[in-house]
Amino acid sequence: MSTANEGVRSTVALFASARRHGNTGQLMDRVASEVRIDIVDLAGKNISAFDYQHRNRQDQFESLIDHVLSFEQIIFASPVYWYSVCPPMKTFLDRISDLLELPDLLIKGRQLRGKDVQVLCTSVEDQAALSFVDAWRQTCNYLGMNYCGLLHANCRDGYLPALYEDDVNAFVRRLRVDARRSAEKRL
């Protein structure tokens with residue numbers, strides 16, 4: 001017997017950076033060492049820029065969205081580049097517009113509602129830029145997703161794991177609590 005929620009998994013991370021094993025990648029891998037996460041490297045995906053005529057439907061965006069929708073929690077991981085996300089993440093976010101404009105994809109856009117979103121980022125500042133954080137909050141609000149928080153590491157001197165152990169542990173606890181809450185809602 002199958003249920004409507006069969007196949008729903010807990011957490012996917014959409015990772016975007018110029019260096020998979022750079023600061024953001026190391027922070028992401030540290031989190032993933034504590035909790036089971038499916039990490040998708042956006043740099044390895046063929047996702048075209050947003051196109052008002054939607055001539056890009058043969059790329060990997062739609063299959064990636066199908067994959068993402070099978071998870072209850074989404075971690076967006078990106079270094080802060082000029083107060084914003086890096087280019088592969090921006091391209092992915094721009095393409096979410098397809099889910100709001102194309103009639104055959106509207107149902108997928110609606111399935112984003114209620115998803116829990118966590119953001120993981122690195123920069124050379126003590127805190128993530130307010131514009132970076134606000135963009136995530138506003139995006140989640142617009143899409144009906146639950147913005148659950150942010151994990152940030154100042155990597156001015158590189159990623160130094162010992163400095164962020166407490167922050168990583170708090171982030172992992174939040175992931176676990178949100179996953180339990182989502183599972184309870186399914187029952």
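**Exercise 1.** Work out how strand 1 and strand 3 pair, and which residue of strand 3 is the bridge partner of Val12.

*Solution.* Strand 1 and strand 3 pair in the parallel sense over six bridges, where two strands count as paired if DSSP finds at least two bridges between them, and where strands (E, at least two residues) and helices (H or I, at least four) are DSSP runs numbered from the N terminus. The bridge partner of Val12 in strand 3 is Ile74. In general, the strands of a sheet pair through backbone hydrogen bonds, either parallel or antiparallel. The model is a predicted one, in which local features need pLDDT of at least 70 and side-chain atom pairs count only at pLDDT 80 or more, while totals for chains, interfaces and linings use all residues. Residues are numbered from 1 along each chain as its sequence is written, and side-chain values use heavy atoms, with hydrogens and water left out.

**Exercise 2.** Place the pairing in the whole sheet by finding the strand order and the edge strands.

*Solution.* The open sheet has five strands in the order 2-1-3-4-5, with parallel pairing. Strand 2 (38–41) and strand 5 are the edge strands, since each pairs on one side only.

**Exercise 3.** Follow strand 4 to its two partners, and decide whether its residues are buried or exposed.

*Solution.* Begin with strand 3, which runs parallel to strand 4 and is joined to it by seven bridges; here Gln73 has Asp116 as its bridge partner. Then turn to strand 5 (residues 146–154), which pairs with strand 4 in the parallel sense over eight bridges, with Val119 standing opposite Leu150. Strand 4, helix 6 and strand 5 make a right-handed β-α-β unit, meaning that, with the strands pointing away from the viewer, the path from the first strand over the helix to the second runs clockwise. Finally, eight of the eight residues of strand 4 are buried, so this strand is largely enclosed by the rest of the structure; buried means under 20% relative accessible area, exposed over 50%, and partly exposed in between, with a 1.4 Å probe and protein chains only.

**Exercise 4.** Find which residues have the most contacts inside the largest nonpolar core, and which element gives the most to this core.

*Solution.* A nonpolar core is a set of buried Ala, Val, Leu, Ile, Met, Phe, Trp, Tyr and Cys residues joined through side-chain atoms within 4.5 Å. The largest one has 36 residues, and Leu14, Phe76, Met89, Phe92 and Phe132 have the most contacts inside it. Helix 6 gives the most to this core, with five residues.
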